[in-house]
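Colleague: Before we look at the picture, could you show me how one goes about reading the interior of a protein model?

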Amino acid sequence: EVRPAWLPADVPPTLHAELVALADAVVPSASERAARAALATRVGDVAKSQSELLGAILGVHIYGSEATGLATFASDVDLRLELGPAASDSARRAERLRYLRREAGSEAPQAAPGHREALRTVQRALQRHRWVHRLEAKLSARVPILSFLDRVSGAAVDVSITGGIDGAQPPEPSLQCYCEVDGFKPLLLALKLLTAQHGLDKPFTGGVGSFKL
């Protein structure tokens, strides 16, 4: 019988048992989950400081693998800022006027800023904080995002926006129900680690994200 040295003596030396042990080792600890929740609060506070330009911030939500329980210690933290809807066309025009006058001091067309403009506002606000490292705006992506490294938790972060003047985005299908299927979570976490080790886990660069896996 071939038994890996790290496998407990009471665990059968099967591929399934090894995958389960690997999954147990790579999921975020309680302290790591708490640090990521605190990160979401900090990003929300930064966004709320720009409410004059962005309007009401209804909340900041963790979604993706962190929310479905399919994250590893190395997974990005996906955050979604939810903007409140503009009350009327006149309110939208006024919001746009305030935005452009603050940024450029010029006359504004009568149109509201979209998610890309809102992300630029959040980007400028985040740049003022020392805990934000390697901040990058990926505004040409199908879903525009801000990416950065959080110096406090050590986690990589992707920030997107929903709601507001561009309307609400459709909800992401939940994978939580699959976590209860025997063997699904350990297998998926192993595949996530494998793609990450080979640099194939970023959809923005043509890789395969968690949902496609």
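Modeller: Let us begin with the largest nonpolar core, bearing in mind that this is a predicted model. In soluble globular proteins, nonpolar side chains tend to be buried together. Here the largest such core has 25 residues, and those with the most contacts inside it are Val 43, Leu 126, Trp 131, Phe 148 and Val 159.

Colleague: Which elements give two or more residues to this core?

Modeller: They are the helices α2 (30–48) and α6 (115–126), together with the strands β2 (77–83), β4 (145–150) and β5 (156–163).

Colleague: What does Val 43 touch, if residues up to four places away in sequence are not counted?

Modeller: A contact is read as heavy atoms within 4.5 Å, and with those neighbours in sequence left out, Val 43 touches Leu 79, Leu 81, Trp 131, Phe 148 and Val 159.

Colleague: How many residues of β2 are buried?

Modeller: Buried means under 20% relative accessible area, and 6 of the 7 residues of β2 are buried, so that this strand is mostly covered. For the chain as a whole, buried residues make up 39% of its 213 residues.

Colleague: Which strands are joined to β2 by bridges, and in which direction do they run, parallel or antiparallel?

Modeller: Strand β1 (residues 57–63) runs antiparallel to β2 and is joined to it by 6 bridges, with Ile 57 standing opposite Leu 83 of β2. Strand β5, by contrast, runs parallel to β2 and is joined to it by 7 bridges, and the bridge partner of Glu 82 in β5 is Thr 162.

Conventions: Residues numbered from 1 in each chain as written. Predicted model: local features only at pLDDT ≥ 70, side-chain atom pairs only at ≥ 80, totals over all residues. Heavy atoms only, no water. Buried < 20%, exposed > 50% of the residue type's maximum accessible area, 1.4 Å probe, protein only. Core = buried A, V, L, I, M, F, W, Y, C linked by side-chain atoms within 4.5 Å. Helix = DSSP H or I, 4+ residues; strand = E, 2+ residues; numbered from the N terminus. Pairing = 2+ DSSP bridges.
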